Amino acid sequence: MRNYIIKRLLLAIPTLIGVSILVFFMLRILPGDIVQQVAGDNEVTAEDRARIEAELGLDQPAWREYIDWLGGVMTLDFGRSLRLRTPIGDQLKDTLPTTIEMSVLALFIAMLIALPVGVLAAVRQDSMWDYVARSLSIGFLAIPNFWLGTMIIVYASIWFTASTPVPADYRQFWEDPIANLQFLVFPFGYFIPIGPAVLLGVGLSGTIMRLTRAQMLEVLRQDYVRTAWAKGLKERRVVIGHAMKNALIPVVTVIGLQVPILVGGSVIVETIYNVPGMGQWLYQSIGFRDYTVVQTIALISALFVVVANLVVDVAYAYLDPRIRYS
């Protein structure tokens, strides 16, 4: 297992380099001009353009800019924001933990909803619970997060007669855990859990719920499960002890594949709920053509995907002892 993990980490290096090359040079061909963004409404002369490009480090060939930026990344120096002229690393210290916490909470909420409901729907196939679970999963998949989040905030403003229903003062978890969780989970009160983490988790739970039900139905028809039933074992022991662990192997794969969806969904959800995380920062940076910030966030997102896939592969060995890596 140790050799396998080392091999996967080494293989991740060319993957991340490829992502960095793709993102870096594609950003340079997008329409828009960071120089004009810096100058504002003022007319930009040739002299002004040359001066601003020199200040921003954009007066060099693209390949030279890429090498300098990649060299800085190797030492965890991500450069400076072209818009704010501040180190990107300082901003990451504030935004990255927020996005990670919201994503972990969303994934936990998704599994908290999807796994029990999916298992119950399979065990009670074609019952009322099964029909309700299938309807919920289709609804969670069909309703867009951006629309649902907007509706939640609009109607919460009306029902609670508040001009800003979402608390504007975000606190990090280590500063004030209660205020932090209230912002992410219970922004409208402890009896109405429809915060950004819940909204993101509900959207993810639809896919996991449907797959959990399908895999449980397949496993419950296996001979060893029938043998367990024939022995007179209790339903809980048959479902949890014999069927559920084997049914979760494909589900774990899907959970690992949700990481890119979490990253993409955080851009929308953080913008709607005004969460000061990496997603909202990315949205603002794209609008201002802040290339250095966008390419840094894209690289970090790719790193999350690589690590998530590695964790999924390692989890296989725990769920199925027959799987061995060399």
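This report walks through the empty spaces and the nonpolar cores of a predicted model.

**Pocket and cavity**

Let's start with the open space. The largest pocket holds about 380 Å³, and 20 residues line it. Nearest its centre sit Leu56, Gly57, Gly79, Arg80 and Thr292. The helices that each give two or more residues to this lining are α1 (2-28), α3 (46-56), α4 (62-74) and α13 (291-319). Among the contributors, α4 gives the most, with four residues.

Then there's the enclosed space. How many cavities of 30 Å³ or more does the structure hold? There is one, and the largest cavity has about 40 Å³ of space in it. Its lining is made of Val263, Ser266, Val267, Met278, Gly279, Leu282, Ile297 and Ser301. At least two of these residues come from each of α11, α12 (278-287) and α13.

Here's how the two linings break down by class.

| Space | Volume | Nonpolar residues | Polar residues | Charged residues |
|---|---|---|---|---|
| Largest pocket | about 380 Å³ | six | seven | seven |
| Largest cavity | about 40 Å³ | five | three | no charged |

So much for the gaps; now the packed parts.

**Nonpolar cores**

The largest nonpolar core has 44 residues, and the members touching the most others are Leu184, Ile208, Met216, Val251 and Tyr273. Two or more residues of this core come from each of α5 (88-123), α7 (145-159), α8 (177-184), α9 (196-220), α10 (223-230) and α11 (235-273). The largest share belongs to α9, which puts in 13 residues.

Leu184 is worth a closer look. Which residues does Leu184 contact once its neighbours within four places in sequence are left aside? The list runs to Glu101, Met102, Leu105, Tyr170, Gly195, Pro196, Ala197 and Val198. Another core lies apart from the largest one; this other core has 27 residues, including Val23, Trp69, Tyr291 and Leu299.

**Ile100 and Val263**

Back on helix α5 we find Ile100. Is Ile100 buried or partly exposed? Ile100 counts as partly exposed because its relative accessibility is 36%, and buried would need under 20%. In sequence, Ile100 and Val263 are 163 residues apart, yet their C-alpha atoms are 9.2 Å apart in space. Val263 turned up earlier as one of the residues lining the largest cavity.

Technical notes. Residues are numbered from 1 along each chain as its sequence is written. This is a predicted model: local features need pLDDT of at least 70, side-chain atom pairs count only at pLDDT 80 or more; totals for chains, interfaces and linings use all residues. Side-chain values use heavy atoms; hydrogens and water are left out. On a 1 Å grid over the protein atoms alone, a cavity is a set of points where a 1.4 Å probe fits but cannot get out, and a pocket is an open set with protein on both sides within 12 Å along at least five of seven lines; lining residues have an atom within 4 Å of a point. Grid points are joined across faces, edges and corners, and a volume is the space filled by probe spheres set on the points. Ala, Val, Leu, Ile, Met, Phe, Trp, Tyr, Cys and Pro count as nonpolar, Asp, Glu, Lys and Arg as charged, and the others, Gly among them, as polar. A nonpolar core is a set of buried Ala, Val, Leu, Ile, Met, Phe, Trp, Tyr and Cys residues joined through side-chain atoms within 4.5 Å. Buried means under 20% relative accessible area, exposed over 50%, partly exposed in between (1.4 Å probe, protein chains only). Contact means heavy atoms within 4.5 Å.
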